[in-house]
Amino acid sequence: MSLPPLVEPAAELTVDEVRRYSRHLIIPDVGMDGQKRLKNAKVLCVGAGGLGSPALMYLAAAGVGTLGIVEFDEVDESNLQRQIIHSQADIGRSKAQSAKDSVLGINPLVKVILHEERLEADNVMDIFAQYDLIVDGTDNFATRYLVNDAAVLLNKPYVWGSIYRFDGQASVFWSEHGPCYRCLYPEPPPPGMVPSCAEGGVLGVLCASVGSIQVTEAIKLLAGIGDPLVGRLMIYDALEMQYRQVKVRKDPDCAVCGENPTVTELIDYEAFCGVVSEEAQEAALGSTITPKQLKEWIDADEKIEIIDVREPNEYEIVSIPGAKLIPKNEFLMGNALQDLPQDKRIVLHCKTGVRSAEVLAVLKSAGFADAVHVGGGVIGWVHQIEPEKPVY
C-alpha cells in the first residue's frame with residue numbers, strides 16, 4: 001500500500017546539499033520535495049552492530065537530517081567481520097562514538113544524537129518520542145518485543161530486520177496501517193530454541209543486504225514514495241540468492257495492537273522471552289561451577305567427564321582440554337544419554353553457559369543428579385585459564 005509522507009519537507013536545501021544529493025534530486029519520485037523531507041527527518045537506529053552499521057551509513061549518505069543511535073556496547077575484534085561502520089582502530093571504543101565518527105565522516109551535514117545506554121522499558125518511550133521513525137537492528141528477542149510494543153504505544157512506524165547465518169528477514173511494522181511484530185510472532189520461541197548470531201554465526205555481507213533493505217524502506221516511508229513492506233515479510237536466502245514474500249495480516253486478537261489489547265503498558269521483556277527455560281534455571285541452581293573450579297578438578301585428577309555441547313565447527317575454533325564433543329541436539333533427541341559414563345561426574349559446557357544449562361536439565365531429569373555445568377562456558381575458560389587461546 002502507498003502511504004503519505006511521514007515528515008514535512010524542510011524549508012530549503014542549501015547549494016552544498018543540492019550538489020551532494022544531486023543523484024536523488026534528478027529521480028522524479030524523490031526530487032527536491034523528497035530530499036527536503038529526508039533533511040527534516042529524525043530517524044533512530046537501535047544498535048550500531050551488524051544491521052545498524054549499513055543502515056546508519058546509508059541513512060547518513062541519503063541525507064537524513066537527524067540520526068539517533070542507541071548503543072551501549074564497545075567495539076570488539078569479532079565485530080569487524082560484519083560491522084563495517086567500525087574499524088581496527090576502534091577496538092575497545094564505544095560503538096556509539098565510533099559510529100558517530102563514521103557517520104560524520106560520510107556526511108558532516110547530519111546531526112547525530114547518541115543514547116549510550118541499554119534500551120530498557122524505563123527509557124524507551126522517552127527516546128522513541130524524539131524520532132519520526134525507528135530502524136530496529138537488535139539481535140535478541142527481548143529487545144525486539146520491547147521495540148515493537150513501545151512503537152505501537154507511541155504509534156511510531158519501525159523498520160525491522162533479522163539475520164542468521166545465510167538467511168535474512170525484513171518488514172515494516174506500523175500498527176496504524178498494518179500488523180505489528182506480535183501479529184507475526186505472538187510469542188517468543190522457547191529459550192534456547194533459536195541460536196543467536198553469537199552462537200550460530202552470520203555471513204558478514206548478509207548484514208549489508210538486509211540493512212540496505214531497511215534503509216530503502218525508511219526512505220520510502222519518510223518521503224512517501226513506493227510501496228512499503230507494511231503487511232509483507234521479505235525473506236532472503238543468500239545461498240540460493242532468492243527473495244520471497246509472505247503476507248502478514250493484522251491480528252485482531254494481537255496482545256498489543258488488537259481490538260482488545262492485553263498489553264497496554266511495557267512489561268518485563270527479559271522474563272517474557274527468557275534467556276534459558278525455567279527447567280534449565282532450576283537445574284543450574286546449585287549445579288554451576290566456575291572455570292577455575294573446573295581447572296582445580298582437572299589438576300586434582302577428579303573423576304569427571306567433560307562434555308562440550310557446542311557444534312563441531314565451534315569445537316574446532318577453541319576447546320577445553322579433555323572435553324568430549326557431543327552437540328546439544330544429541331541430548332535433546334536422547335541419543336547421547338546411553339553413552340554417558342555412570343562412574344564419573346558429568347561436567348557440561350558450551351560457549352557461554354546457555355546451551356549447557358539446557359542440557360543440564362535433560363541430564364538431571366534422566367537421573368544424573370550430580371551433573372554440573374560451567375558458567376561462562378569456554379569463553380570464561382579462555383579469559384580465566386588460557387588467555388592465549390582465541391575466542392569467537
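The UniProt record, in an unreviewed entry, lists residues 300-390 as "domain: Rhodanese". In this predicted model, the chain over residues 300-390 is 34% helix and 16% strand, and its end C-alpha atoms are 26 Å apart. The points below take up the strands, a largely enclosed helix, individual loop residues, a nonpolar surface patch and the salt bridges.

**Parallel sheet and helix H17**

- Five strands form an open sheet with parallel pairing, and their order across the sheet is E9-E13-E12-E10-E11. The edges of this sheet are strand E9 (288-289) and strand E11 (324-325), each of which pairs on one side only.
- Strand E9 pairs with strand E13 (residues 372-374) in the parallel sense over two bridges, and within this pairing Thr 288 has His 373 of E13 as its bridge partner.
- Helix H17 (residues 377-384) is largely enclosed by the rest of the structure, because six of its eight residues are buried. The buried residues of H17 are Gly 377, Val 378, Ile 379, Gly 380, Trp 381 and Val 382.
- The partners against which the buried residues of H17 pack are helix H13 (291-299), strand E12 (345-349) and strand E13, and both of these strands also belong to the five-stranded open sheet.

**Antiparallel hairpin E7-E8**

- Strand E7 (residues 232-237) and strand E8 (residues 242-247) run antiparallel and are joined by six bridges, one of the pairings being that of Met 234 with Gln 245 in E8.
- The two strands form a hairpin with four residues between them, and in the turn Met 241 has a positive phi of about 50°.

**Loop residues and backbone angles**

- Asn 155, in the loop between helix H7 (141-154) and strand E5, has a phi near 55°, which is a positive value in a residue other than glycine. With a relative accessibility of 36%, Asn 155 counts as partly exposed.
- Arg 165, in the loop between E5 and E6, is likewise a residue other than glycine with a positive phi, here near 55°. Its relative accessibility is 37%, so Arg 165 counts as partly exposed.
- Gln 83 is located in the loop between strand E2 (66-70) and helix H5 (95-106), yet counts as buried because its relative accessibility is 5%. Leaving aside residues up to four places away in sequence, Gln 83 touches Ala 48, Gly 49, Gly 50, Ser 53 and Lys 95.

**Nonpolar surface patch**

- Phe 166, Leu 203, Val 205 and Leu 239 make a nonpolar patch of about 360 Å² on the surface.
- Within this patch, Phe 166 comes from the loop between strand E5 (158-164) and strand E6 (167-173), and its relative accessibility of 34% places it in the partly exposed class.

**Salt bridges**

- Side chains of opposite charge can pair when their charged atoms come close. With a side-chain nitrogen of Lys or Arg required to be within 4 Å of a carboxyl oxygen of Asp or Glu, the count comes to 15 salt bridges.
- Asp 90, Arg 93 and Asp 101 are linked in a network of salt bridges. In the bridge between Asp 101 and Arg 93 the closest N and O atoms are 2.8 Å apart, and both side chains are partly exposed, Asp 101 at 42% relative accessibility and Arg 93 at 28%.
- Lys 295 and Asp 299 form a salt bridge within helix H13, where the two residues lie four apart, about one turn of the helix, and the N to O distance between their side chains is 2.8 Å. Lys 295 is partly exposed, with a relative accessible area of 29%, whereas Asp 299 counts as exposed at 55%.
- Asp 227 and Arg 232 also form a salt bridge, with their closest N and O atoms 3.9 Å apart; this distance falls within the 4 Å cut-off. Asp 227 is partly exposed at 36% relative accessibility, whereas Arg 232 is buried, with a relative accessible area of 18%, a value under the 20% limit for burial.

Definitions and conventions: Residues numbered from 1 in each chain as written. Predicted model: local features only at pLDDT ≥ 70, side-chain atom pairs only at ≥ 80, totals over all residues. Heavy atoms only, no water. Patch = residues over 30% accessible without salt bridge, like charges linked within 9 Å, V, L, I, M, F, W, Y side chains within 5 Å. Areas by Shrake-Rupley, 256 points an atom, 1.4 Å probe, with all protein chains shown as cover. Buried < 20%, exposed > 50% of the residue type's maximum accessible area, 1.4 Å probe, protein only. UniProt positions renumbered as here; feature names shortened; annotations may be inferred. Pairing = 2+ DSSP bridges. Contact = heavy atoms within 4.5 Å.
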